[in-house]
There are 2 protein chains.
Amino acid sequence: MGPGPSNVAPSVLKAMAAPLIGHLDPRFVELMDEVKAMLRVALETKNEMVFPVSGTGSAGMEFCFVNLIEPGDEVIVGVNGVFGTRMCDVAERCGARVTKVESPWGRIIEPQQIAEALKKTPKPKLIAIVHAETSTGALTPVEEISKLAHDAGAMLLLDTVTSLGGCPVKVDEWKVDALYSGTQKCLSCPPGLSPVSLSPRAMAVATTRKKKVQSWYLDVNLLASYWGQERVYHHTAPITMNYALHEGLRLALEEGLDKRFERHRKNHLALKSALETMGIQYSAQEGHRLWQLNAITVPEGVDEMAVRKKMLNDYSIEIGAGLGPLKGKIWRIGLMGETSSLENVKTFLKAFGEILNSLGRKVDVKAALAAAK
Amino acid sequence: MGPGPSNVAPSVLKAMAAPLIGHLDPRFVELMDEVKAMLRVALETKNEMVFPVSGTGSAGMEFCFVNLIEPGDEVIVGVNGVFGTRMCDVAERCGARVTKVESPWGRIIEPQQIAEALKKTPKPKLIAIVHAETSTGALTPVEEISKLAHDAGAMLLLDTVTSLGGCPVKVDEWKVDALYSGTQKCLSCPPGLSPVSLSPRAMAVATTRKKKVQSWYLDVNLLASYWGQERVYHHTAPITMNYALHEGLRLALEEGLDKRFERHRKNHLALKSALETMGIQYSAQEGHRLWQLNAITVPEGVDEMAVRKKMLNDYSIEIGAGLGPLKGKIWRIGLMGETSSLENVKTFLKAFGEILNSLGRKVDVKAALAAAK
């Protein structure tokens, strides 16, 4: 119940115990096609270029920047947590000139902030924002920022590592040009792959660059020949991880995206109602709180780390700590994919309540459990 | 029985079906330490900086170059197959000035060739060679080339993707400064991780660079804080793949490295003796043939692809095709890790002999099987 990896469904674990086949085996090629087709459904896109990068979410982030950015390009990055900060670092390593648009950690990036930045940097090549900030629990709305980006002639890049599979991600409707995600959050597969998507416009940029992509491993010009129709050997795809992603996506689509999102929403609300009876506050901006990552404020006088350690050692429940400026100030409770269940919410509440009581706080665990619905 | 992924032991498959734990969980941290310790034994090194990169072998290749090379650096690369060719591309994307030392595919890089190159490029920063060329089946001896590199003040970089776990790789004795490997060959784990090792000298180079490493994902300065003692979050490690590598290494060390190498050698000799009775020739340079990757010449008049397809479709045996200049000219038969058994050699021979006979060649399958020992 931390910020990921989330729990993995038994059928996904079972899929990984299947014997290996070759990365050019016709059966594996079929599986690749099915993974791409299912990713398109999950991402609500018709983009041809949709596939999982053979690395974790941060490799997907790097994939987007190395393919789209050339030295000297202007980039605007929304920074309201760890991952916006990371995007600036990655972009700068590609030679980008980065304009940071900063919000306090826990708040969203407001369209108005992007509009202001565009006054100083009117023609950026790319505007990058984090959809669901895993480090703070805030969900930044995409549509208005997308409009601002496209009106300025820029591409829109979206980090959906924690959003995909847990709340709507509408690539085509929102006109997202480049996107990366992860498998270990709301898709509930192990970490190791990063689903990515590039719009036709982004592909045109990547395929008509002046300079070679600085990463051979992440060069979409080479990867397109393996994941496309030609099936030219590039690198040895992580076979087993693709088995897992295939089964994870199948489960998500079998459940139905809308039902899955509703499940995430309901369990978030159940947790929230219960925590409120304990006097626990959510730390992210009201109206923009993630269902899948519940960031809550550590009550004054409570030892943040002691609670987390007790949760793990005495109850076998992992919850996340705050990072950066939120270190020691928040806990992050993941209700992602398989982990998002009312049973888990109640198991958490019972453990958490008992620990708070053992520290001398007086919380009514029964009342909290009754409120969790 | 292709060039990898090889077959995976049942206990490795089972290890991957274990539930996920967090990438900062104390139990996972223990597992990371054990993976590093076992890798040091397998690589015969005392290097502190030994860990698996969260990507496949090619990510490991890129890891070595991005960390050690800065724009304008001189590099000498031995090119005798696909992977030497790839190293040149990767090095150039890092801004290296590359001197290629070329041998015909199937032959090794001779020390004399490196000595010649050093006359024109006397002070390279790095000399890079492929130990076991998966695309050709040739094993280049390391020691003399290492001496030439160090006498010239250069670091030695070694690709051991196909050698590690199948034949000796002596990092300290051979004074290898940088090394990458893969999990899906003779370690018989699924693809998805790349064990790497940097000597103290290489670490000193990586940590005192003028320019930031161009890849955030592969920057050893950041990765060292996660895989070292500080355990600072960098990216979410592929938990399940590390479970697999842990069990794969445990099995390799339980068998014993010497016994494991001897098993690879014996099964190679069994296959070779049998193929000779069929009049089939090995294509790689005599005296330098890999035990784990048997490259054999397609007999004149035989349709290379038809044989491979029959092997796969009628016998469920994958063997590899030739690549580049060897396309259509060789087959590559992997006897790697779990796959290296006399039973597999015999299963292959029976299928292969039957197919050759069905194509009108007259081979004595019984005699071949009798010779396989």
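This report describes the fold of chain A, the relation between chains A and B, and some backbone features.

The model is predicted: local features need pLDDT of at least 70, side-chain atom pairs count only at pLDDT 80 or more, and totals for chains, interfaces and linings use all residues. Residues are numbered from 1 along each chain as its sequence is written, and chains are lettered from A and ligands numbered from 1 in the order in which they are written.

Chain A has 13 helices and 12 strands (DSSP runs, H or I of at least four residues and E of at least two, numbered from the N terminus). Its C-alpha atoms fill a box of roughly 65 × 55 × 30 Å along the principal axes. Of its 373 residues, 57% are buried (20 or more other C-beta atoms within 10 Å of their own; exposed means 12 or fewer, partly exposed in between; C-beta atoms are placed from the backbone).

Chain B superposes on chain A by a rotation of 180 degrees with 0.0 Å of shift along the axis, RMSD 0.0 Å (least squares on C-alpha atoms of residues with pLDDT of at least 70 in both). The two copies are thus related as by a two-fold rotation axis. Among the residues of chain B, B:G55 comes closest to that axis, at 2.6 Å (C-alpha).

Two non-glycine residues with positive phi are tabulated below.

| Residue | Phi | Loop | Other C-beta atoms within 10 Å |
|---|---|---|---|
| A:S316 | about 55 degrees | helix 11 (304-315) to strand 11 (320-321) | 10, exposed |
| B:E44 | near 50 degrees | helix 2 (26-43) to strand 1 (49-53) | 15, partly exposed |

A cis peptide bond joins A:G4 and A:P5, with omega about 5 degrees; A:P5 lies in the segment before helix 1 (10-16) of chain A.
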